[in-house]
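This report describes unusual backbone geometry and the contact between chains in one protein structure.

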Amino acid sequence: MAKKDKHEVRDPIHVFVRLDTDERKVLDSPELQRLRNIHQLALTYLVYPGATHRRFEHSLGVMELATRVFDVITAPPIHDKIRDIIPNKDKRSYWRRVLRMAALCHDLGHLPFSHAAETELLPEGWDHERLTKEIIRSDEMKSQTWELLEVPVKIEDIVKVALGPKGSKELIFNEWETILSEIITGDTFGVDRMDYLLRDSLHAGVAYGKFDHYRLIDTLRILPKGGGEDDSDEPTLGLDYGGVQSAEALLWARYFMFSQVYCHPVRRIYDIHLKDFLQKWLENRKFSTETKDHLEMTDIEVLAALREANSDTKHPGHIHAKRIIKRGHFKLLYSRNPNDQDINPNAAVAIYEAACKEYGPDFVRSDEYRQKGGSQYFPVLCKDGRVLQSVDLSDTLLKVPVVVSDFVFIDRKLQPKALKWLEENRNKIITSKEEIEE
Amino acid sequence: MKRLQRSAVILSLVEELLQRDSWCGETHIQKATYFLQELLRVPLGFDFILYKHGPFSFDLSDELMAMRADNMVQLKSRPPYGPSIIPGPNSERLKQLFPITLQKYKERVEFVAKELGSFGVADLERTATALYVTLKDTTLGDDKIEERALLINKLKPHISIENARLSLENGKEIREKAKSLVGIG
């Protein structure tokens with residue numbers, strides 16, 4: 001019987017994700033298989049019990065959506081000012097393969113529990129993007145995956161498309177490579193974001209992250225930035241007019257998912273407790289950046305260590321492990337609000353510092369999140385052939401709020417007392433005349 | 001520079017650009033900030049790469065988003081070039097926190113706004129890319145306009161060689177004028 005050269009994987013979002021044999025080799029590599037043991041949403045499952053999905057299935061989803069986008073934007077009609085950047089049929093076929101493999105590989109460098117505290121848990125100059133690059137370029141992946149492909153691809157092309165200019169600042173991108181990377185990592189229409197919103201929403205059991213991605217993808221186009229006469233002709237991902245409402249839905253979905261799920265205070269404090277534990281447990285308080293060590297370090301190893309530390313009162317990370325395993329997380333003392341912001345833009349920092357003085361730094365934690373990306377402006381191809389700016393055509397895009405959160409947490413035993421203390425001292429703390437200029 | 005201190009400098013740049021009738025969209029602020037940091041040596045600490053319409057900083061883009069969240073700036077729709085960024089309700093409060101910093105960089109901010117305030121996006125893209133290419137490759141002397149124009153056209157094919165040449169000439173003039181302000185010869 002002939003060897004099967006088409007493979008399919010069932011997926012709760014995209015139903016079937018299909019791969020050829022070369023792509024299957026990438027999927028079966030130890031580097032990709034490691035992602036089966038990296039939770040997409042860290043310890044969010046302690047708040048939303050269904051959110052136990054992993055980076056592995058997300059990577060498959062990103063590959064599926066990236067392909068759909070590629071097929072739409074390279075098919076007619078192509079805007080006149082863009083025609084020159086689309087490669088010929090053979091090269092298109094090559095880049096489609098690169099895009100699919102880059103999509104599979106884009107998250108290889110994530111730390112256990114997809115931990116976001118990379119500046120504290122990795123040596124200076126490292127982040128998950130750099131780790132991803134190192135893994136894709138590693139001798140192991142080269143000899144055991146890339147060199148075994150029947151149709152070869154250039155490793156550097158995969159790096160560029162997987163990480164984009166933001167993750168590969170040292171590389172120079174041409175316009176076509178920029179567009180391809182934008183398909184995966186793009187600020188507005190990147191499929192990384194589309195897939196995680198849909199997938200996280202499904203698994204967390206909340207409806208906020210849903211939007212009509214079928215319609216959105218069908219209306220994507222490569223367009224010049226557009227606008228007025230003296231505007232740039234640089235190509236970027238934009239939309240046909242008919243897709244504006246699905247783009248609005250995407251950006252609102254993003255806002256709701258961040259404000260309701262990703263910035264849920266209990267999820268955030270569990271992340272902090274996990275970071276505190278990891279810093280006690282890891283050698284030199286950091287993860288190793290050696291590819292071999294990285295591949296051996298997954299959520300399984302961390303969970304085993306957490307359980308061990310929880311039952312060993314002499315373990316240096318005991319107290320932090322116990323807060324996670326026994327659900328004894330710190331509780332909310334303060335969260336950002338507009339009134340305090342008007343008085344002091346650094347109100348949360350002032351309250352955190354005052355609480356540390358009052359109760360000791362071991363019993364207080366702070367957390368800050370500021371939205372990154374998610375721009376509402378993109379070009380739109382109107383029915384009369386003009387290219388206009390999204391925000392000039394939509395009543396709602398400019399109204400999508402920026403996601404921002406500031407929290408101060410306190411040991412749960414101290415919370416009742418600390419809440420009273422804060423009520424009595426809040427105004428004094430945030431109106432402090434302390435000089436902040438150097 | 002601390003985050004809010006940096007935000008105050010950006011806010012002052014926004015105000016100056018608006019005073020010079022700039023459209024003051026994100027692209028305008030990105031390119032003007034690039035000039036302010038790289039040419040006028042204001043230590044803002046942004047990491048610029050060649051990306052959207054020339055030099056672009058993802059950190060600056062995030063910073064503008066954070067400033068919107070803190071009501072220091074806000075968006076105003078102004079067809080046909082997309083939204084302008086204008087001071088928000090908390091802008092005065094921010095400026096009150098950093099009078100020394102704002103005074104220190106006032107002249108440089110005014111210089112950038114004066115030189116770039118009247119530019120549209122395409123002009124800004126060409127001029128900022130010309131400066132980026134010039135500062136990145138110091139091995140080419142100032143007289144190597146032709147080589148640099150070819151390089152700009154290679155990096156950004158939608159910028160013609162002729163337009164690249166004009167932008168390099170223009171950029172050279174701006175650099176000359178900036179020298180007295182930052183004390184370089």
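The model is predicted. Its backbone is considered before the interface.

**Backbone geometry**

Most residues other than glycine have a negative phi, and most peptide bonds are trans. Two non-glycine residues with positive phi are set out below.

| Residue | Phi | Place | Relative accessible area |
|---|---|---|---|
| A:R327 | about 55° | loop between α16 (318–325) and β5 (331–335) of chain A | 40%, partly exposed |
| B:H53 | near 55° | loop between β1 (49–51) and β2 (54–56) of chain B | 8%, buried |

A:R327 counts as partly exposed because its relative accessible area is 40%, whereas B:H53 is buried because its value of 8% falls under 20%. A cis peptide bond, with omega near 0°, joins A:P76 to A:P77. A:P77 itself is located in the loop that runs between α3 (55–73) and α4 (89–105) of chain A.

**Interface between chain A and chain B**

The size of an interface is often given as the accessible area lost when the parts come together. For chain A and chain B, the buried area is about 3,900 Å², with 55% of it on carbon and sulfur atoms. Chain A contributes 43 residues to the contact and chain B contributes 46 residues.

Three salt bridges link the two chains. One of them pairs B:D47 with A:K169, whose closest N and O atoms are 3.3 Å apart. There are also 12 residue pairs in polar contact between chain A and chain B, both residues being at pLDDT 80 or more. On the side of chain A that touches chain B, the elements giving two or more residues are α8 (155–167), α9 (175–185) and α17 (338–343). By class, this side of chain A comprises 19 charged, 12 polar and 12 nonpolar residues.

Methods. Residues numbered from 1 in each chain as written. Chains lettered and ligands numbered in written order. Predicted model: local features only at pLDDT ≥ 70, side-chain atom pairs only at ≥ 80, totals over all residues. Heavy atoms only, no water. Helix = DSSP H or I, 4+ residues; strand = E, 2+ residues; numbered from the N terminus. Buried < 20%, exposed > 50% of the residue type's maximum accessible area, 1.4 Å probe, protein only. Contact = heavy atoms within 4.5 Å. Buried area = accessible area lost by both parts, 1.4 Å probe. Salt bridge = Lys/Arg side-chain N within 4 Å of Asp/Glu carboxyl O. Polar contact = N/O pair within 3.5 Å; in protein donor to acceptor, adjacent residues only side chain to side chain. Nonpolar A, V, L, I, M, F, W, Y, C, P; charged D, E, K, R; others polar.
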